[in-house]
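Visitor: I would like a close look at a single part of this model, with the numbers that go with it. Please start with how far the prediction can be trusted.

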Amino acid sequence: MLVYTAIVLSLAGIILTISHFLGGRHHERATGEPYEGGIISTGTARLRFSSQFYLIAMLFVIFDVETIFIVSWAIAFQELGWYGYFGVLAFIVLLVVVLIYEWRNGALDFGPDGKKILQAYKKITLKETRHEVVAE
C-alpha cells in the first residue's frame with residue numbers, strides 16, 4: 001500500500017510539474033472571464049431564487065428517490081413476496097399522505113392563486129357595470 005501511495009503521489013507531482021512548464025501563460029482581457037458560448041456575459045450570476053424553487057426541487061428529489069425504491073421492489077418482487085408487497089404499499093401510502101400534506105400547504109402552487117384572480121376580475125367587472133348604469 002505504501003508503494004502504491006508513493007507511485008500515485010509521484011505521478012501527480014510529475015503531471016503538475018510538467019503542466020506548469022508546458023502550460024500557456026497569456027494574460028489577455030478575456031482570460032479571466034467565464035466562457036459563455038461566445039456570448040458576452042452581462043450582470044452578475046448571483047440571482048435570488050424564490051424559496052418556492054427550492055421547495056419544488058426538494059419535492060422532485062424526494063419523489064425521484066421514491067421511484068428508485070419502487071423499481072427496485074418490482075425487480076425483487078418474487079423474492080420478497082407478501083412481506084415486500086405490504087412494505088412497499090405502506091411506503092406508497094406514506095408518500096401519498098406527504099403529497100397531500102404538501103399540496104394542502106401550497107407547496108405545489110406555482111403561480112398566483114386562481115381564486116384571488118377571479119375575485120379581482122369580478123370586482124373590476126362589477127365596478128364597470130355600476131359605472132355603465134350610472135352613466136345611463
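Visitor: Which element of the protein chain has the lowest mean pLDDT, and which the highest? After that, please go through helix α3 (77-104) in detail.

Guide: This is a predicted model, and the mean pLDDT is lowest in helix α4 (residues 114-135), at 67, and highest in helix α1 (residues 2-22), at 95. Over the protein chain the average pLDDT is 80, and 84% of the residues score at least 70. Coordinates predicted with low pLDDT should not be read in detail.

The setting of α3 can be put briefly. The protein chain holds 4 helices and 0 strands, in the order α-α-α-α from the N terminus. Of its 136 residues, 7% are buried.

Now to α3 itself. At 1.5 Å a residue, a straight helix of 28 residues would span 40 Å, but the end C-alpha atoms of α3 are only 33 Å apart. The helix also has a kink of about 75°, centred on Tyr-83. Helix α2 (residues 51-75) can be set beside it: its 25 residues reach 37 Å from first C-alpha to last, close to the 36 Å expected at 1.5 Å a residue. After α3 comes Gly-106, which has a positive phi near 90°.

The UniProt record, an unreviewed entry, gives "transmembrane region" at residues 6-23, 53-76 and 82-101. In the model, residues 82-101 are 100% helix and 0% strand, with their end C-alpha atoms 28 Å apart. For residues 53-76 the corresponding values are 96% helix, 0% strand and 35 Å.

Next, the packing. In α3 the buried residues are Gly-84, Val-88, Leu-95 and Glu-102, and they pack against α2. On the side of α2, the buried residues are Leu-59, Glu-66 and Trp-73, and α3 is included in what covers them. The buried lists of both helices contain a Glu: Glu-102 in α3 and Glu-66 in α2.

Aromatic rings add a further layer of detail. Searching the whole structure gives 6 aromatic pairs. One of these is edge-to-face and joins Trp-73 to Phe-77, with 5.4 Å between centres and 80° between planes. Trp-73 is among the buried residues of α2, whereas Phe-77 has 38% relative accessibility and therefore counts as partly exposed. Another pair is formed by Tyr-85 and Phe-86: the ring centres are 5.5 Å apart and the planes meet at 65°, so this pair is edge-to-face as well. Because the relative accessibility of Tyr-85 is 31%, Tyr-85 counts as partly exposed. Ring pairs connect Trp-73, Phe-77, Trp-82, Tyr-85 and Phe-86 into a cluster.

To put the part together: α3 is kinked by about 75° at Tyr-83, its span is 33 Å rather than the 40 Å of a straight helix, and its buried residues pack against α2.

How values were computed:
Residues numbered from 1 in each chain as written. Predicted model: local features only at pLDDT ≥ 70, side-chain atom pairs only at ≥ 80, totals over all residues. Heavy atoms only, no water. Phe/Tyr/Trp six-rings, centres within 6.5 Å; stacked < 30°, edge-to-face > 60°. Buried < 20%, exposed > 50% of the residue type's maximum accessible area, 1.4 Å probe, protein only. UniProt positions renumbered as here; feature names shortened; annotations may be inferred. Helix = DSSP H or I, 4+ residues; strand = E, 2+ residues; numbered from the N terminus. Expected span 1.5 Å × (residues − 1). Contact = heavy atoms within 4.5 Å. Bend = angle between axes of the 7 residues up to and from the residue. pLDDT = per-residue confidence, 0-100.
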